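Student: Please take a close look at one part of this model, the way its two domains meet, and then follow the contacts outward from there. A connected account would suit me better than a list.

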Amino acid sequence: MPIFELFLLLFFAFIALPMTVSIIFSTVKLGISPMPSSNKANHAMMQLIDETEIETKAGPIIDLGSGWGNFVIAIAKRYPHRKIVGYELSYLPWLTSSLVKKLLGLKNLTLHRQDFYQAELPSSSVLVCYLFPQAMEKISNKLPLELSGVSFVISNNFALPGWQASKIIQVNDFYKSPVYLYKISKR
Ligand SMILES: C[S@@+](CC[C@H](N)C(=O)[O-])C[C@H]1O[C@@H](n2cnc3c(N)ncnc32)[C@H](O)[C@@H]1O
């Protein structure tokens, strides 16, 4: 067999196929693929982070499901004075974002390969997410948002059931995504 064809075969068998299977497996298990937010949605989320910075006293920003790291890496660069945390269960996206974090030397960014429902929610933190309706329902019911002292939740595209958004930015991207800001009052 010619060397190029052998190379292609080995690449497909040992790299492309396992990567695809791994992503399909975690997408089915978690109910969502690691698709990143659009650039315009990222800008809207950053605008909301800027607007809430004084109130949170520059508290930690936590991405619930950080995917390939597009958003956490952008905000770790933009807010070098703030602690940025990402939780991601899908192996390849987590590995890729961890490698990029290392390459860029982003010391304010921590990436956990962990279920965000078990995440530590520090006081004055801002939670950011781009998930799906059932996950938003679960976040609303299961995460102790008020008790933990989370200050704000920013959600791309999906509303947080049971909460009234204090601001909604209608993004002019392909999906016409609304980006929601929720202020969480302490109990
Ligand atoms: C649509 S992506 C969003 C990526 C990134 N936040 C962004 O806005 O570009 C959602 C990610 O959440 C992850 N995810 C879903 N449920 C999770 C869970 N319980 N714990 C950790 N990650 C989860 C998925 O694997 C996926 O990568």
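Tutor: The centres of domain 1 and domain 2, taken over C-alpha atoms, lie 31 Å apart. The contact between them draws on five residues of domain 1 and six residues of domain 2. The model is a predicted one, and every value here is computed from it. The domain assignment gives residues 1-30 to domain 1 and residues 39-183 to domain 2.

Between domain 1 and domain 2 about 450 Å² of area is buried, and carbon and sulfur atoms give 73% of that area. On the side of domain 1 that touches domain 2, the residues divide into three nonpolar and two polar, with no charged residue. The count of salt bridges between domain 1 and domain 2 is zero. Polar contact across this interface comes to one residue pair, with both residues at pLDDT 80 or more.

One residue to examine here is Tyr91, which is placed in helix α4. Leaving aside residues up to four places away in sequence, Tyr91 touches Ser22 and Arg113. By the assignment, domain 1 covers 1-30 and domain 2 covers 39-183, so the contact of Tyr91 with Ser22 is one that runs between the domains, given that domain bounds come from an automatic or database domain assignment. The C-alpha atom of Tyr91 is also 8.1 Å from that of Ser26, a residue 65 places away along the chain. Tyr91 has a relative accessible area of 38% and is therefore partly exposed.

Helix α4 leads on to the interior of domain 2. The buried residues of α3 pack against α4 (91-104), and also against α2 (39-56), β1 (61-64), β2 (84-87), β3 (109-112) and β4 (126-129). Helix α3 itself spans residues 70-78, and its buried residues are Phe71, Val72, Ile73, Ile75 and Ala76.

Helix α2, one of the elements packed against those buried residues, also takes part in salt bridges. The count by the salt-bridge rule comes to four, and three of them can be followed from this helix, among them the pair of Lys167 and Glu51, whose closest N and O atoms are 3.0 Å apart. Lys167 belongs to strand β6 (residues 167-170) and Glu51 to helix α2, so this pair ties together parts that are 116 residues apart in sequence. Both ends are partly exposed: Lys167 has 29% relative accessibility, and Glu51 has a relative accessible area of 41%.

A further salt bridge joins the side chains of Glu53 and Arg82, at 3.9 Å from N to O. Glu53 is in helix α2 and Arg82 in the loop between α3 and β2, so the parts tied together here are 29 residues apart in sequence. Arg82 is buried, with a relative accessible area of 1%. The N-to-O value of 3.9 Å meets the rule because the cut-off is within 4 Å.

Glu55 and Lys183 also meet through their side chains in a salt bridge, at 2.3 Å from N to O. Glu55 is in helix α2 and Lys183 in strand β7 (residues 178-183), so that pair links distant parts of the chain, 128 residues apart. Glu55, at 46% relative accessibility, counts as partly exposed, and Lys183 counts as partly exposed at 44%.

Two loop residues deserve a note on backbone geometry. Most residues other than glycine have a negative phi. Ser124, which is not a glycine, has a positive phi of about 65°. Ser124 lies in the loop between β3 and β4 and is partly exposed, with a relative accessible area of 21%. Lys176 likewise has a positive phi, near 50°, in a residue other than glycine. The loop between β6 and β7 holds Lys176, which counts as partly exposed at 48% relative accessibility.

Ser148 closes the account. Ser148 is found in helix α6 (residues 145-148), and at 17% relative accessibility it counts as buried. The side chain of Ser148 reaches the backbone oxygen of Pro144 at 2.8 Å. Beyond residues up to four places away in sequence, Ser148 touches Leu121, Pro122 and Ser123.

Technical notes. Residues are numbered from 1 along each chain as its sequence is written. This is a predicted model: local features need pLDDT of at least 70, side-chain atom pairs count only at pLDDT 80 or more; totals for chains, interfaces and linings use all residues. Side-chain values use heavy atoms; hydrogens and water are left out. Contact means heavy atoms within 4.5 Å. Buried area is the accessible area (1.4 Å probe) that two parts lose on being put together, summed over both. A polar contact is a pair of N or O atoms within 3.5 Å; within protein, one must be able to donate a hydrogen and the other to accept it, and residues adjacent in sequence count only if both atoms are side-chain atoms. Ala, Val, Leu, Ile, Met, Phe, Trp, Tyr, Cys and Pro count as nonpolar, Asp, Glu, Lys and Arg as charged, and the others, Gly among them, as polar. Buried means under 20% relative accessible area, exposed over 50%, partly exposed in between (1.4 Å probe, protein chains only). Helices (H or I, at least four residues) and strands (E, at least two) are DSSP runs, numbered from the N terminus.
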